Amino acid sequence: GDIFMGAGNDILTHSLLAEFYGIADGGAGDDLLLFDITGTSHFGAIDAALQAKFINFEITQLIGTANIVVDPDAPIVFDSGPITLDQGVVFDAPAGETAFALAEGSGPVVVNATVNGNIALAGSDNSLIIGNSSTITGDIKGGAGDYNVGVTGNIAGNIELGDGNNNVTNS
């Protein structure tokens, strides 16, 4: 069935081990959608079809503990925001491949996770915050566009931003 949250600042937690066949509508307010990844091993479970089932949620957060094995032929793209990737979340992409990408205008995305692979800033006007509990083993790459990147965590790779009005803060 469907879930209608109504007005107010609501929270919905969905385990990626659960089946959901309806539509969940956060309604009016600042609504939080929590995807619990505990026990999962791949990210295919949060695909476009699943994301389309959750409407009117202003904030998305990945919680729990799991290693997400990234398929380089099916990249993970976050196309809304704000999104938080909590501690305990580990993205594992093959060497030199992209772990996840931010679609144009998405964010802010706050990374407190471990990312073994690159982060791609697709399009323009992305906001990415690398939290102090995070480790990024790859590069952060962006093409032409305006990017805001805040870094308090560890990045082993490079930050490569293209033409545009870019802002990088390392603190």
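Contact here means heavy atoms within 4.5 Å of each other. With that cut-off, take the contacts in this protein between residues at least 6 apart in sequence: 36% of them join residues at least 24 apart.

Some housekeeping. This is a predicted model, where local features need pLDDT of at least 70 and side-chain atom pairs count only at pLDDT 80 or more, while totals for chains, interfaces and linings use all residues. Residues are numbered from 1 along each chain as its sequence is written, and side-chain values use heavy atoms, with hydrogens and water left out.

Now the overall build. The protein has one helix and 21 strands. Those are DSSP runs, numbered from the N terminus: helices are H or I of at least four residues, strands are E of at least two. The radius of gyration is 16 Å, close to the 16 Å from the globule rule for 171 residues, so the protein is as compact as a globular protein of that length. That radius is taken over C-alpha atoms, and the rule is 2.2 Å times the number of residues to the power 0.38. The C-alpha trace spans about 45 × 30 × 30 Å along its principal axes.

Buried residues account for 40% of the 171; buried is under 20% relative accessible area, exposed is over 50%, and partly exposed lies in between, with a 1.4 Å probe and protein chains only. About 8,000 Å² of the protein is exposed, and carbon and sulfur atoms supply 50% of that.

On to the sheets. Eight strands form an open, parallel sheet in the order E2-E4-E6-E9-E12-E15-E18-E21. Strand E2 (11–15) and strand E21 (167–170) are at the edges with a single partner strand each, so one side of each has no neighbour in the sheet. Pairing requires at least two bridges found by DSSP between two strands.

Within that sheet, look at strand E15, residues 126–130. Asn126, Leu128 and Ile130 make up its covered face, Ser127 and Ile129 its uncovered one. What does E15 pair with? Strand E12 (residues 109–111) pairs with E15 in the parallel sense over three bridges, and Val111 has Ile130 as its bridge partner. Strand E18 (residues 147–151) also runs parallel to E15, over five bridges; there, Leu128 stands opposite Val149.

A further open sheet has five strands, E8-E11-E14-E17-E20, again with parallel pairing. Its edge strands are E8 (77–78) and E20 (159–160), each paired on one side only. Two bridges join E8 in parallel to strand E11, residues 98–102, with Phe78 opposite Leu102.

Which residues touch the most other members of the largest nonpolar core? They are Leu85, Phe91, Phe100 and Val111, out of 37 residues. Such a core is a set of buried Ala, Val, Leu, Ile, Met, Phe, Trp, Tyr and Cys residues joined through side-chain atoms within 4.5 Å. Leaving out residues up to four places away in sequence, Leu85 touches a list that includes Phe78, Phe91, Phe100 and Val111. Phe78 we met on E8, opposite Leu102, and Val111 as the bridge partner of Ile130.

Last, Gly96. Gly96 is in the loop between strand E10 (89–92) and E11. Buried or exposed? Gly96 is exposed, at 66% relative accessible area. Its C-alpha is 22 Å from that of Asn126, 30 residues apart along the chain.

Key:
Areas by Shrake-Rupley, 256 points an atom, 1.4 Å probe, with all protein chains shown as cover.
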